[in-house]
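This report describes how strands and helices are arranged in the structure shown below. The emphasis is on sheet order, strand pairing and helix packing.

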Amino acid sequence: MIYLDYSATTPVSYEVLDTVSKVSKEFVGNANSLHALGLKSANLLESATKQIADIFSINPNEIVYTSGATEANNMAIIGVAMANHRKGKHIIVSKLEHPSVYVICDYLKSIGFEISYVNNDENGLIDFDDLKNKIREDTILVSICMVNSEVGVRQPLKIIRQIIKKENIATIFHSDMTQAIGKVPVNFHDVDLASMSAHKIFGPKGIGFLYKSSMIKITPLIYGSGKSNELKPGTPPLPLIAALSKAIRLANNDLEKRERFVNLLNEKIVKFLEQYPNIKINKTKYSIPQILNISIMNIMPETFLHILDKYEIYVGTNTACSSGNISNSVMAIYNDSKRAKHTIRISLSYVTTTDEINKFLEVFKEEYEKISL
Ligand code: PMP
């Protein structure tokens with residue numbers, strides 16, 4: 001099998017799986033219980049959380065565990081809206097967000113919030129002047145993803161934060177960092193809130209976290225018992241939390257070296273595909289190398305994806321990461337609906353091998369040239 005859909009999800013690493021299994025067996029107590037077994041679990045919860053906090057230079061109490069990035073995005077965006085609706089009802093998002101952000105915004109719109117969509121340039125970079133002009137006195141939140149999930153455009157969060165806070169110091173800044181963490185260095189101090197998910201970094205599915213700066217308040221969405229976190233009550237899923245902590249530690253090794261290697265693979269694919277006039281490379285100077293989006297203009301993406309399936313080669317279309325059959329991100333950058341309908345996302349990891357890419361290109365050549373004749 002040649003797996004080239006790492007941005008949709010990653011397989012869980014053996015080391016991380018081992019943590020899930022060990023913690024499930026050895027830490028049976030509820031971390032909220034007062035007895036010795038509960039305490040043992042509470043201690044592990046504390047150390048796993050501290051490890052994550054140390055890696056990102058944040059406080060452990062700024063971490064809210066969630067089931068993944070969708071929940072973290074909900075908690076952040078709706079939580080800010082509920083906490084601040086008396087101050088204002090205006091929210092700004094980019095045109096390059098994950099669909100989960102747009103669905104949340106649609107919900108907030110239906111209950112009276114106003115959503116503005118900030119423009120980007122032809123490289124996918126946020127239009128700073130447009131952002132500045134859109135921020136108002138009643139703007140309670142700006143949400144801009146650090147790395148876009150379809151074209152991989154990376155945004156300069158520090159600059160964006162400066163623009164936001166200069167225009168309105170009270171405006172809260174959230175970033176969906178799901179596609180950034182484990183691929184590129186991140187700095188939580190650039191934002192007030194950030195979302196992530198373990199299954200994008202070789203961790204298990206069903207766990208992630210929301211970073212919430214201790215300087216801001218959001219309204220909880222979930223109510224219940226349990227002392228560990230007021231935004232996420234209930235029994236903490238300790239095996240998953242310990243696994244998340246491990247996955248983060250492993251993901252943050254040699255980030256730059258891994259990125260350089262993936263870049264070589266990316267460039268090899270791009271160079272190969274450039275020979276075909278009907279293939280457009282949806283890559284801008286801000287795209288990270290782990291995400292390579294292309295449009296095959298003379299064939300529907302699902303058809304080609306199923307051809308590759310037969311060889312056990314797995315790439316993505318925009319269905320895993322988009323609400324419809326059109327890539328919002330490709331549309332926002334290239335303003336070409338055919339190009340946006342014909343996208344395939346090849347997502348790479350540092351575990352991808354040169355041999356896998358050679359085989360992929362060989363199959364691609366054979367099958368694509370058959371269709372194009
Ligand atoms: N945000 C981004 C940028 C993503 O890529 C994804 C996963 N496709 C999500 C949010 C949703 O994450 P999860 O599957 O953990 O809910």
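## Sheets and packed helices

In this predicted model, helix α8 (residues 255-273) lies across β9, β10 and β12 and runs at about 15° to β10. Helix α12 (residues 354-372) also packs on this sheet, touching β9, β10 and β12, with its direction at about 10° to that of β10.

The sheet beneath these helices is open and has three strands in the order β9-β10-β12, paired antiparallel. Because β9 (279-282) and β12 (343-347) stand at the edges with a single partner strand each, one side of each has no neighbour in the sheet. Direction ignored, neighbouring strands of this sheet are turned by 25° against each other on average. Strand β10 (residues 291-296) is joined to β12 by five bridges, and L292 has I346 of β12 as its bridge partner.

A further open sheet contains seven strands in the order β2-β8-β7-β6-β5-β3-β4, with mixed pairing. Its edges are formed by β2 (63-66) and β4 (114-118); each has a single partner strand, so one side of each is left without a neighbour in the sheet. From one strand to the next, the twist averages 20°. Within this sheet, β3 (residues 90-94) and β5 (residues 139-143) pair in the parallel sense over four bridges, and I91 has L141 of β5 as its bridge partner. Helix α7 (residues 238-251) packs on the sheet, touching β2, β7 (193-197) and β8 (208-212).

The helix directions relative to a strand are listed here.

| Helix | Strand | Angle |
|---|---|---|
| α8 (residues 255-273) | β10 | about 15° |
| α12 (residues 354-372) | β10 | about 10° |
| α7 (residues 238-251) | β8 (208-212) | about 75° |

Definitions and conventions. Residues numbered from 1 in each chain as written. Predicted model: local features only at pLDDT ≥ 70, side-chain atom pairs only at ≥ 80, totals over all residues. Heavy atoms only, no water. Pairing = 2+ DSSP bridges. Helix = DSSP H or I, 4+ residues; strand = E, 2+ residues; numbered from the N terminus. Axes fitted to C-alpha atoms, helices over the stretch in contact; angles between N-to-C directions. Contact = heavy atoms within 4.5 Å.
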